[in-house]
Structure formats: C-alpha cells, structure tokens
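Welcome, and thanks for opening the viewer. Let's take a short walk through this protein together, one selection at a time.

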Amino acid sequence: MRILLYALGAATLLGACSGPEPPVSQSAKQPAPARQPALTTPDPAACHAFLRATISLSIQDHYDVRSDGGAFFSRQPYSLDQRIADKLAPGLDSTTASAYFLDTPPAVIREFRRQVLQFDTAAQRRFVWRPELLGQFVFVGSTADTLSPNLARQVRFVTPARQEQIRQEIEEWNHGPQQDRFVSYASLPLFSADGRYVLIVRGQAQQSLGWDSIFIYERQAQGWKIIDSARLSTL
C-alpha cells in the first residue's frame with residue numbers, strides 16, 4: 001500500500017473538487033452545450049466543504065477498522081492515480097474492483113474512472129488541507145514531525161475537553177515510538193456531473209502499515225451517506 005502523508009444542487013460541470021454549477025437556462029430550440037472535460041485543478045473551498053461535512057460519518061459499517069479516530073491528519077491528500085482508476089475498471093468476476101460497487105450506477109463508476117485518469121497529478125501534489133477550513137485535527141507532514149502541545153488550541157470545532165485530550169495525545173505522539181503514530185488522511189473528493197455522488201479515498205497510516213479504501217457517497221434527503229466502498233489495503 002502506498003500512503004502519502006502529508007465537499008453542492010444539480011450540475012453540468014464534471015470536475016475534481018468542483019461544486020456543481022446550476023444549469024444555464026436556454027430555449028428549447030437551442031442545441032445542448034457540449035459537456036466540458038474534467039477539471040484538472042482542485043477547488044479548495046468545495047474540497048474542504050465536502051470533507052468537513054462527512055469526516056464524522058462512521059465507516060464501521062463497511063470495515064472493522066479504526067474509523068475517524070485520532071487527532072492527527074495529513075496535510076497532503078492521498079494521490080488519485082492509475083491504481084485507483086484500475087479499481088474502477090470494468091470487471092467480469094469478484095476479483096475485479098468494479099464488482100465492489102454494487103449500489104452506484106455503472107455510468108457513474110465510469111465517470112469517476114475518467115476523472116481519475118484526467119486528474120492533474122501535479123495539482124494534487126500542490127494541494128494542502130487547510131486547518132482553518134477543516135479543523136478537528138492537528139495537521140502533520142509525516143510521522144517524523146515533533147509537535148507543539150500548543151497546537152491543541154488551534155484545533156477548531158471541538159470542545160475544550162477535546163482540546164485538552166488532543167494536547168495529551170500530542171504529548172503521547174512526541175514521546176512514543178514513531179512506528180506507533182497513526183495519521184488519518186483523505187484524497188481530494190471527485191464529484192459526479194450531477195452532484196449526486198462523490199468518490200474519495202480515506203484511511204489511516206502507521207508508518208508503512210495502515211488501511212485505506214475507496215468510498216462513494218450519495219447525497220440523500222438526510223445528507224451525504226456512504227453507499228459503496230472498495231478496500232485498497234488494511235492493517
């Protein structure tokens with residue numbers, strides 16, 4: 001498993017981390033505009049909004065692994081690349097990735113595959129998660145970081161009691177073995193053209209070990225819900 005340590009209405013624009021845009025009104029006699037290609041640069045506001053809205057959703061119903069735990073989050077997103085695209089490729093049996101996505105329309109899976117293949121790798125590398133937009137975590141570059149306990153006061157959207165707990169976790173981070181330091185991470189989210197579905201990779205790493213999975217969310221009346229997932233690796 002390769003780990004890199006370091007979120008909306010109807011839409012007509014297919015793009016990475018781009019919030020859906022309202023359709024342009026036109027007369028019935030006008031031809032429909034051609035669909036634009038996927039964006040190759042992320043929209044930071046849309047990316048942070050989606051992750052902020054979904055970070056507390058439990059994934060325990062999908063895998064018996066640590067979920068949304070810990071205080072530490074990688075500044076750098078997980079890279080969406082050929083490995084992820086391969087998991088979205090059409091398959092004929094249960095050993096292929098597309099067999100996992102049973103509740104997502106096949107056309108949406110194909111759409112996500114195209115997006116992954118078009119996603120600018122360099123733009124992903126330049127992107128960093130911003131604490132003031134995401135909050136709830138201490139942001140780290142790698143498990144080798146030495147962290148100031150004062151960082152706990154900068155964690156947003158948490159109670160004072162949680163801030164104190166985070167301060168203690170920072171102390172444990174600094175004094176414990178580097179190989180025991182867990183860091184949560186996420187890829188940039190990809191939105192379907194209609195804004196109904198989102199693909200994202202989420203996971204946790206502990207040195208060279210960890211787990212990560214592809215998750216597909218659907219916007220429902222009650223909000224976003226995980227409807228599909230595919231394991232990439234596990235502890």
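**First stop: a loop residue and its neighbours**

Start by selecting Val-155. Leaving aside residues up to four places away in sequence, Val-155 touches Gln-136, Phe-137, Val-138, Gln-163 and Ile-166. Keep in mind as you look around that this is a predicted model.

Where does Val-155 lie? You will find Val-155 in the loop between strand E3 (138–140) and helix H6 (160–175). Is Val-155 buried or exposed? Its relative accessible area is 4%, and because buried means under 20%, Val-155 counts as buried.

Now add Ile-166, one of the residues that Val-155 touches. Set a C-alpha to C-alpha distance between Val-155 and Ile-166, and the viewer should read 8.6 Å, for two residues that are eleven apart in sequence.

**Second stop: the whole protein**

Zoom out and colour by secondary structure. The protein has six helices and eight strands. Trace the chain along its sequence, and the order of elements is β-α-β-α-α-α-α-β-α-β-β-β-β-β.

Next, turn on the surface. Its accessible area is about 11800 Å², and carbon and sulfur atoms account for 51% of that. Of the 235 residues in the protein, 46% are buried.

**Third stop: aromatic rings**

Hide the surface and show the side chains of Phe, Tyr and Trp. How many aromatic pairs are there? The count comes to ten.

Select Phe-50 and Trp-224 to see one of them. Their ring centres are 5.2 Å apart and their planes stand at 80°, so this pair is edge-to-face. Phe-50 belongs to helix H1 (residues 44–54) and Trp-224 to strand E8 (residues 223–233), so the pair ties together parts that are 174 residues apart in sequence. Both Phe-50 and Trp-224 are buried.

Then select Tyr-78 and Tyr-185. This aromatic pair is stacked, with 5.6 Å from centre to centre and 10° between the planes. Here too, distant parts of the chain are linked: Tyr-78 sits in the loop between strand E2 (72–74) and helix H2 (82–87), while Tyr-185 is in strand E4 (residues 182–186), 107 residues apart. Tyr-78 and Tyr-185 are buried as well.

**Last stop: a cluster**

Finally, select Phe-73, Phe-127, Trp-129, Phe-137 and Phe-139, which form one aromatic cluster. You have already met Phe-137, among the residues that Val-155 touches.

How values were computed: Residues numbered from 1 in each chain as written. Predicted model: local features only at pLDDT ≥ 70, side-chain atom pairs only at ≥ 80, totals over all residues. Heavy atoms only, no water. Helix = DSSP H or I, 4+ residues; strand = E, 2+ residues; numbered from the N terminus. Buried < 20%, exposed > 50% of the residue type's maximum accessible area, 1.4 Å probe, protein only. Areas by Shrake-Rupley, 256 points an atom, 1.4 Å probe, with all protein chains shown as cover. Contact = heavy atoms within 4.5 Å. Phe/Tyr/Trp six-rings, centres within 6.5 Å; stacked < 30°, edge-to-face > 60°.
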